Amino acid sequence: MISKSTICLWYDSAALDAATFYAETFPDSAVGAVLHAPGDYPAGKQGDVLTVAFTVLGIPCLGLNGGSAFKQSESFSFQVATDDQAETDRLWHAIVDNGGEESACGWCKDKWGVSWQITPRALTQALADPDRAAAKRAFDAMMQMKKIDIATIKAALAS
């Protein structure tokens, strides 16, 4: 069944490469239909990959090879809830070590400019702790991090 709503991500010319990377990196992700341009267009030629249907963590997406006119920005990001440090590390390094870049507070950017929040559930729980002083300690610890370290968050929460 085709979803009624799909996130469309603009790429210069690497929609298929990005979709393939996401499918190989994240669970419940896959590459679907690849549409080749039936004619020349401003960003490409007849036969070039025009769009790629894909899912990321079950979210339907469409990669559009629209050219260099627009760039990705942090105003859109995928937030990925991780269950433990091993999953956090694996996803973070998959993105950063594949030409991406680190940012702050669990954010990173892939080599195509798409932003990702790799967010351990332990962090979300710590920030929602009913002990607001403990939540603030966890928040202050997070503010010093790039990749989230769960042990440090738990230590801040408990101290």
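Five salt bridges are counted in this predicted model. One of them joins the side chains of E74 and K109, with 2.5 Å from N to O. To find the two partners, look at where each one sits: E74 belongs to the loop between β4 and β5 (77-82), while K109 is part of strand β7 (residues 107-109). The two are 35 residues apart in sequence, so their pairing ties together parts of the chain that are separated along it.

Stay in that loop for a moment, because it links β4 and β5 and holds E74. Q72 lies in the loop between β4 and β5 too. The side chain of Q72 reaches out to the backbone oxygen of W10, at 2.6 Å. What else does Q72 touch, once its neighbours within four places in sequence are left aside? The contacts of Q72 are with L9, W10, W112, G113 and V114.

Now step back and take in the whole protein. Its C-alpha atoms fill a box of roughly 65 × 30 × 25 Å, taken along the principal axes. Within that box you can trace five helices and eight strands. If you follow the chain from its start, the elements come in the order β-α-β-β-β-β-α-β-β-β-α-α-α.

The protein can also be read as two parts: domain 1 covers residues 1-68 and domain 2 covers residues 72-158. Between their C-alpha centres there is a distance of 26 Å. Where the two domains meet, domain 1 brings 16 residues to the contact and domain 2 brings 13.

How much area is buried between domain 1 and domain 2? The figure is about 1200 Å², and carbon and sulfur atoms give 79% of it. Which elements of domain 1 give two or more residues to the side that touches domain 2? They are β1 (7-11), α1 (15-25) and β4 (59-65). Of the elements on this side, α1 gives the most, with five residues. Sorted by kind, the residues on this side of domain 1 come to 14 nonpolar, one polar and one charged.

What about charged pairs and polar contacts across this boundary? Between domain 1 and domain 2 the count of salt bridges is zero. Polar contacts do occur there, with three residue pairs found across the interface.

Finally, a database record offers another way to divide the chain. UniProt, in an unreviewed entry, places the feature "domain: PhnB-like" at residues 4-119. In the model, the end C-alpha atoms of residues 4-119 lie 28 Å apart. Helix makes up 20% of this span and strand makes up 37%.

Terms used
Residues numbered from 1 in each chain as written. Predicted model: local features only at pLDDT ≥ 70, side-chain atom pairs only at ≥ 80, totals over all residues. Heavy atoms only, no water. Domains from an automatic or database assignment. Contact = heavy atoms within 4.5 Å. Buried area = accessible area lost by both parts, 1.4 Å probe. Salt bridge = Lys/Arg side-chain N within 4 Å of Asp/Glu carboxyl O. Polar contact = N/O pair within 3.5 Å; in protein donor to acceptor, adjacent residues only side chain to side chain. Helix = DSSP H or I, 4+ residues; strand = E, 2+ residues; numbered from the N terminus. Nonpolar A, V, L, I, M, F, W, Y, C, P; charged D, E, K, R; others polar. UniProt positions renumbered as here; feature names shortened; annotations may be inferred.
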